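Biologist: I would like to look for empty space inside this protein. Shall we take it step by step?

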Amino acid sequence: MNHDRSRDLYDRALSVMPGGVNSSVRAAIEPYPFFVERGDGGHVIDADGNRYIDWVMGLGPLLYGHDLPQPVESAVQSKVSEGPMFGAPTEIEVEHAEFVARHVPSVEMIRFVNSGTEATVSACRLARAATGRDKIVVMQGGYHGAQETTLVEGEYDDVEPSSPGIPDEFAEHTLAVPFNDEAAAHRVFEDHGEDIAAVLVEPILANMGVVHPVDGYHETLRDLTEDNGALLIFDEVITGFRVGGLQCAQGKFGIDPDITTFGKLIGGGFPVGAIGGRSELIEQFTPSGEVFQAGTFSGHPVTMAAGLESLRYAAEHDVHEHINDLGEQLRGGLQDIVEDQAPEYTVAGTEGIFKVLFTREAPETFENHCEAGCSQRPDCPRYDICPKSAADVAAGQTDRWRRVFWQEMKEQGVFLSQNQFEAQFVTYAHTDDDVEETLEAYKDAL
């Protein structure tokens, strides 16, 4: 493949943008990223005319690939024609809020914001105000946006900021425990229960290799928070309206969190975030309450139209069924390839999410294994060795994935997320042919 134009664009970008990009992960590939010119269904075409099957899908905001259904496109164009924005409420905000409240089990009221980061920042502020406590429990290696509370590294109560520019004092209020470790969850509440405002957790660890919860883990978090007067916050920025359909992952797992953060799909591909939950909590945001939260672009009419019409279309058509069937087909095919060529690797994911984790240990047998993505089933022969936390994923062959495997898949015309940790996404625009071509590329690359 020729990448001359992408190289030239990257050289120009380096002179005017830090690292040549506006989000760090985009520059994770050496020696330079390819620049996308346009999308086409389940594909992207780069600046040099190379065509790729796209499984990145903007890192999650796209349910329909790069071709919006006609009703969604019409709704967006209609709102654009009415004016960019107004600094005043619009009816479409109310309609979108009503739709979300009807479908997501725990959401009675919602505040729209502009990004997943803004949503989690606001959710932490709300939890602290509502409980009168300061400490937030997070999962080691979990990601909740570029915010000071959760950008930490370390273990338990011995953590420090993971980025320069964050005062050490911020990390004093963050407690980091391993995902899927029930003993650690009990311990943190035994030691700090009176000071914990909330547990902030992704229902599926989706920014660190796609790790499914073990049976009973979220129930444990739900019980511990209720027993200790803390709040449970589900970060559904990635899983929301993708896992569990319109009920989101909380519906799939049967857990009602106190607060849910949203992003990505709730905006139909446009910048968005949201904080939802019980009315008595969400009403504590200004102006009905005293917890300050505001934003010039919040509830932007174009974003609201895109998000609402996207979800309405999914509700009226077999969108999630199509996506989930393709996802199962893809993960099942990957499982067959891994068994034959790289038995130490782990196929991860559920419904419209997938990843092959470059783990290092193979089971003695594959009989009765999880067939279409690791679901943490105790009787699976991989159960004792499959990743259950971010540390388990990080212990894999992450550098080989980035330096060798990703490059080889790109040369075969398959665009995967830029590191071993980010999830990959199936959309309504993908086809059986896309799946088959991708499986053939995996065979060659592995």
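Biologist: Which residues line the largest cavity?

Modeller: Keep in mind that this model is predicted. Rolling a probe the size of a water molecule over the atoms shows where empty space is left. The largest cavity holds about 50 Å³ of space. Its lining is made up of Gln335, Val347, His369, Cys370, Cys374, Cys380, Arg382 and Cys386.

Biologist: How many residues of that lining are nonpolar, polar and charged?

Modeller: Cys and Val count as nonpolar, and Arg counts as charged. Gln335 and His369 belong to the lining too, and such residues count as polar. The split is five nonpolar, two polar and one charged.

Biologist: How many cavities of 30 Å³ or more does the whole structure have?

Modeller: The largest cavity has about 50 Å³. The second largest has a volume of about 30 Å³. The search of the whole structure finds two.

Biologist: How many charged residues are in the lining of the second largest cavity?

Modeller: This lining consists of Pro61, Leu62, Leu63, Tyr64, Gly65, Leu68, Gly268 and Ser310. Five are nonpolar and three are polar. Gly is counted among the polar ones. The number of charged residues is zero: there are no charged residues.

Biologist: Now to a helix. What covers the buried residues of helix 7?

Modeller: Helix 7 runs over residues 217-227. Its buried residues are Tyr217, His218, Thr220, Leu221, Arg222, Leu224 and Thr225. Their cover includes strand 5, helix 6, strand 9, strand 10 and helix 8.

Biologist: Which residue just after helix 7 takes a positive phi?

Modeller: Helix 7 covers residues 217-227. The phi in question is about 70°. The residue is Gly229.

Terms used. Residues numbered from 1 in each chain as written. Predicted model: local features only at pLDDT ≥ 70, side-chain atom pairs only at ≥ 80, totals over all residues. Heavy atoms only, no water. 1 Å grid on protein atoms, 1.4 Å probe; cavity = no way out; pocket = protein on both sides within 12 Å on 5 of 7 lines; lining within 4 Å. Points joined across faces, edges and corners; volume = space filled by probe spheres on them. Buried < 20%, exposed > 50% of the residue type's maximum accessible area, 1.4 Å probe, protein only. Helix = DSSP H or I, 4+ residues; strand = E, 2+ residues; numbered from the N terminus. Contact = heavy atoms within 4.5 Å.
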